[in-house]
Amino acid sequence: QPPDIAELESQLNTGSEKIQLQVMPDILAQGEAGYAILQNFLLSRQQEPSTFIDGRCYELLLGTEVPAVQSFLQEHFESGVVPLRSEQNIDYLPLQRLLAKQSFQAADDLTLSKLCELSGPAAIKRKWIYFTEVEQYPIPDLQTINQLWLVHSEGKFGYSVQRQLWLSVGRNWDVLWPKINWRSGRNWTRWPDEFTWDLSAPRGHLPLSNQLRGVQVLNALLSHPAWTS
Ligand code: MD9
């Protein structure tokens, strides 16, 4: 029997997040009528803080390559579903673009570049950051970067996810590493080939923080007031 589009729409509007994720592709598959439903759904949630439901809906519409849908997104969600707030005038649109396309490896590289931008010219040149610089990062900037990761990963990736896991293991790094697949047994996961660049990764796998110089940078990121304010 044909899928009942009204039934799908009501599941989208009242179902659990799991159901919402499930029905969005079915609605998209309905063509024009489906696009309209997903567009209205996104608009109806525009006043609320965005979640990965908004992110997934936006990604599906973006993937249609239907001109009318693209103009809709351009008009109402020009910079995506996450407000790109920065206290340092940093442009997070390129990061938004990569994450909305699920280009997680390129997004991870760019995330490190953005942290270097936040640190300043010396860090841009050296291509890595000091933990003392991280402590000075503005709250809105870290929240923007984190929200972009969260919203475009079904809630799986982001510093706040890593922080949650880290706290849940009593801040024990050695317990955290295997949980997020950064190390297995005695071996560090080798960058880039051994990392997992898609949603099959465990929660908290991305974004990466290089452990070559120790844990201080990640410690500063996960201890930042951005996650408790
Ligand atoms: C997670 C222990 C994201 C020798 C690339 C970005 C960068 O350069 C070569 C570059 C250099 O600086 C990069 C990422 C990661 N690593 C590198 C991520 C990562 C995670 C855990 C570890 N790493 C652990 C780890 C240990 C030793 C090293 N790493 C060495 C190393 C070297 C390079 C990179 N890593 C790049 Mg790694 O020389 O930060």
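Where does proline 192 lie? In this predicted model, proline 192 is found in the loop between S2 and H13, and the legends below begin with that loop before turning to other parts of the chain.

**View 1. Two cis peptide bonds and the prolines that take part in them.**
Tryptophan 191 and proline 192 are joined by a cis peptide bond, for which omega is about 0°. A cis peptide bond also links leucine 206 to proline 207, where omega is about -5°. Proline 207 is placed in the loop between S2 and H13, and proline 192 lies in the loop between S2 and H13 as well. For a student meeting such bonds, it helps to remember that most peptide bonds are trans.

**View 2. The ligand and the residues that surround it.**
The space that the ligand takes up is the largest pocket. The residues around the ligand include Trp182, Trp188, Trp191 and Phe195, and among them are also Leu208, Ser209, Asn210, Gln211, Leu212 and Arg213. Sorted by class, this shell holds 7 nonpolar, 3 polar and 1 charged residues. One of the residues around the ligand, Trp191, is also the tryptophan that is joined to proline 192 by a cis peptide bond.

**View 3. Asparagine 210 beside the magnesium atom.**
The magnesium atom of the ligand has a single donor from the protein, which is the OD1 atom of Asn210, at 2.7 Å. A polar atom in the side chain of asparagine 210 also lies 3.0 Å from a nitrogen atom of the ligand. Along the chain, asparagine 210 belongs to the loop between strand S2, residues 187-188, and helix H13, residues 216-222.

**View 4. Glutamine 20 in helix H2.**
Is glutamine 20, within helix H2 (residues 17-28), buried or exposed? Glutamine 20 counts as buried because its relative accessible area is 7%, which is under 20%. A polar atom of the glutamine 20 side chain lies 2.9 Å from the backbone oxygen of leucine 12.

**View 5. Two residues with positive phi, glutamate 154 and asparagine 181.**
Glutamate 154 is not a glycine, yet it has a positive phi of about 55°; its place is in the loop between helix H10 (139-151) and helix H11 (159-168). Asparagine 181, which is not a glycine either, has a positive phi of about 55°, and it sits in the loop between helix H12 (173-179) and strand S1 (183-184). These values deserve a second look because most residues other than glycine have a negative phi. Glutamate 154 counts as partly exposed at 37% relative accessibility, and asparagine 181 counts as partly exposed at 38%.

**View 6. Leucine 38 and glutamine 39 in helix H3.**
Glutamine 39 is part of helix H3, which covers residues 32-44, and leucine 38 is placed in helix H3 too. Leucine 38 is buried because its relative accessibility is 0%, and glutamine 39 is buried because its relative accessibility is 15%, both values being under 20%. The C-alpha atoms of leucine 38 and isoleucine 27 are 7.5 Å apart in space, while the two residues are 11 residues apart in sequence. Glutamine 39 and histidine 152, in turn, are 113 residues apart in sequence, and their C-alpha atoms are 17 Å apart in space.

**View 7. Tyrosine 130 between helices H8 and H9.**
Tyrosine 130 has its place in the loop between helix H8 (121-126) and helix H9 (131-134). How does its exposure class follow from its accessibility? Tyrosine 130 counts as partly exposed because its relative accessibility is 41%, a value that lies between the 20% limit for buried and the 50% limit for exposed. The C-alpha atoms of tyrosine 130 and arginine 171 are separated by 20 Å, and these residues are 41 residues apart along the chain.

Note on methods. Residues are numbered from 1 along each chain as its sequence is written. This is a predicted model: local features need pLDDT of at least 70, side-chain atom pairs count only at pLDDT 80 or more; totals for chains, interfaces and linings use all residues. Side-chain values use heavy atoms; hydrogens and water are left out. Donors are N, O and S atoms within 2.8 Å of the metal (3.2 Å for Na, K and Ca); water is not among the atoms, so sites may look incomplete. Helices (H or I, at least four residues) and strands (E, at least two) are DSSP runs, numbered from the N terminus. A residue is near a molecule or strand if one of its heavy atoms lies within 4 Å of it. A polar contact is a pair of N or O atoms within 3.5 Å; within protein, one must be able to donate a hydrogen and the other to accept it, and residues adjacent in sequence count only if both atoms are side-chain atoms. On a 1 Å grid over the protein atoms alone, a cavity is a set of points where a 1.4 Å probe fits but cannot get out, and a pocket is an open set with protein on both sides within 12 Å along at least five of seven lines; lining residues have an atom within 4 Å of a point. A molecule sits in a cavity or pocket if more than half of its atoms lie within 2 Å of its grid points. Ala, Val, Leu, Ile, Met, Phe, Trp, Tyr, Cys and Pro count as nonpolar, Asp, Glu, Lys and Arg as charged, and the others, Gly among them, as polar. Buried means under 20% relative accessible area, exposed over 50%, partly exposed in between (1.4 Å probe, protein chains only).
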